[in-house]
Amino acid sequence: MMRSLIATLCVVFGTLGSVCAQAQTAPVQSANIMDVQPDASADPNYSKQTNGERSKVQPGNNAPMWRQVGGGVTGTSSLPRSEAPEAGNLIQPFVQYPGSRLTNAGEAWRQVRNNWLIPYGGSFILIVLVAIAVFYWRVGCIKLHDKPTGRLIERFTPFERSAHMVNAAAFSILAISGLVMAFGKFFLLPVIGTTLFGWLAYALKNAHNFAGPLFAVSLLIVISTFVKDNLPAKGDLNWLMKGGGMFSEHEVKSGRFNAGEKVVFWAGVFVLGLVVVGSGLVMDKLLPGLDYERSTMQLAHMVHSVSNILMVVLFMGHIYLGTLGTEGALEGMKTGYVDETWAKEHHELWYEDVKAGRVPAQRSAVAASGAAPSTVQT
Ligand code: HEM
């Protein structure tokens, strides 16, 4: 009897003990993804819920978090800002770049590039190219009216010519490679196919990277070499008002460089040249003190594209006038010397300065070694 009582008590207390133990170690009830609550969205605050609140009513629904990611909200990251300035931010915040809709910055940049820079930039370049061709067809090369005298004046020193030549060569490589990178898929890819175009674009991109620094350095030399004779002078406004006399018999008088050349110098070489170089250096992450984020690259790319399109257009005019458009101009840049007739007809004030001895007809020291043309008038 006593034995059966003890056994009964053991069972009762044993059961109670295990119940208590179970109550103490009961596992945490996690949200079950299968507990779908179709009516959770009826809550008036549903759309304002944080990700934590949402997971209580709809486990596994991370829409609030992804909405924030899509809206450009930056999360936390343990990476140092100096090494990864955009860690924690997957999609950039909303912006409206000129010409884009209000959207995340990556998409806004894409819209500016694809809807504006490529179609309008490309059309602008083509229109100017056709205009130059029509001008050449209708007006033709500006020829000398009088016969050459055979007496030469030194227009460009060897140093000036070398600086110009290096700069022009670098510019040509940059312009051709840049145009293929931007527009090649429209006019080259359909002709040469994807494999060849891929290789070509890859090779030209590398050529672009090498020619860039060469252009930057030679640009600074060109600017400092030619700045003195491109300073505004009396008569420049008159030259511009009359379009240089391009459509009349005689050119308007000008100094060593006419007002048209001065516009190209200040607008094209100085302003656009420096902007193009500056934005290129930003894209190469070479300018110190900047935060190199995606938006930095997007802005630098848009500035680089616009300034390059303008520069290409301006220099198409410069190259045309320096080659096909003006008889003897390229000769002057190639040899350094122009005939007196050329100087008188194109830069009469400069010619008068040379004649009056205010400007030397022979500027470089080459004459001393006897390498200069013997006909130089001194
Ligand atoms: C790529 C082909 C180029 C050709 C064929 C070319 C041709 C010429 C010629 C013939 C002249 C002499 C004009 C004169 O005697 O008045 C000249 C002058 C000049 N060129 Fe070029 N050029 C080219 C590119 C460039 C580039 C890329 C730059 C600078 C970014 C440049 C800057 C200048 C400057 C500063 C002058 C002196 C006249 C002035 O200051 O306006 N050229 N060029």
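How many helices and how many strands does the protein have? In this predicted model, the protein has twelve helices and four strands. Of its 378 residues, 20% count as buried. Among contacts with a separation of 6 or more, 62% join residues that stand 24 or more positions apart.

Helix 5 is a suitable place to begin. This helix covers residues 158–187 and bends by about 55° at Met181. Its buried residues are Ala163, Asn167, Ala170, Phe171, Leu174, Ala175, Ser177, Gly178 and Val180. An α-helix has 3.6 residues a turn, so residues three or four places apart point the same way. The buried residues of helix 5 pack against helix 6 and helix 9.

Helix 6, residues 189–226, bends by about 80° at Thr195. Its 38 residues would reach 56 Å in a straight helix at 1.5 Å a residue, but its end C-alpha atoms are only 40 Å apart. Within helix 6, the buried residues are Leu204, Ala211, Gly212, Phe215, Ser218, Leu219, Val222 and Phe226. These buried residues pack against helix 5 and helix 8. Val222 offers an example of such contacts: leaving aside residues up to four places away in sequence, Val222 touches Ala163, His164, Asn167 and Val269.

The next topic is the nonpolar cores. In soluble globular proteins, nonpolar side chains tend to be buried together. The largest nonpolar core here has 19 residues, and those that touch the most other members are Ala170, Phe171, Leu174, Phe215, Val222, Met311 and Val312. At least two residues of this core come from each of helix 5, helix 6, helix 8 and helix 9. A second core, separate from the largest one, consists of ten residues, including Tyr337, Trp342, Ala343 and Trp350.

The ligand remains to be described. Which residues are closest to the ligand? The ligand is surrounded by 25 residues, and the closest are Ala168, Phe171, Glu261, Gly322 and Met333. Phe171 thus appears in two settings, as it is also listed among the members of the largest core. The shell around the ligand draws at least two residues from each of helix 5, helix 6, helix 8 (259–283), helix 9 (294–322) and helix 10 (329–335). By type, the shell comprises 14 nonpolar, nine polar and two charged residues. Helix 5, helix 6, helix 8 and helix 9 therefore recur in this account: each supplies at least two residues to the largest core, and each supplies at least two to the shell around the ligand.

Methods. Residues are numbered from 1 along each chain as its sequence is written. This is a predicted model: local features need pLDDT of at least 70, side-chain atom pairs count only at pLDDT 80 or more; totals for chains, interfaces and linings use all residues. A residue is near a molecule or strand if its C-beta atom, placed from the backbone, lies within 6 Å of it. Ala, Val, Leu, Ile, Met, Phe, Trp, Tyr, Cys and Pro count as nonpolar, Asp, Glu, Lys and Arg as charged, and the others, Gly among them, as polar. The bend at a residue is the angle between axes fitted to the seven residues ending there and the seven starting there. A residue is buried if 20 or more other C-beta atoms lie within 10 Å of its own, exposed if 12 or fewer, and partly exposed in between; C-beta atoms are placed from the backbone. Two residues are in contact if their C-beta atoms, placed from the backbone, lie within 7 Å. The expected span of a helix is 1.5 Å times one less than its number of residues. A nonpolar core is a set of buried Ala, Val, Leu, Ile, Met, Phe, Trp, Tyr and Cys residues joined through C-beta atoms within 7 Å.
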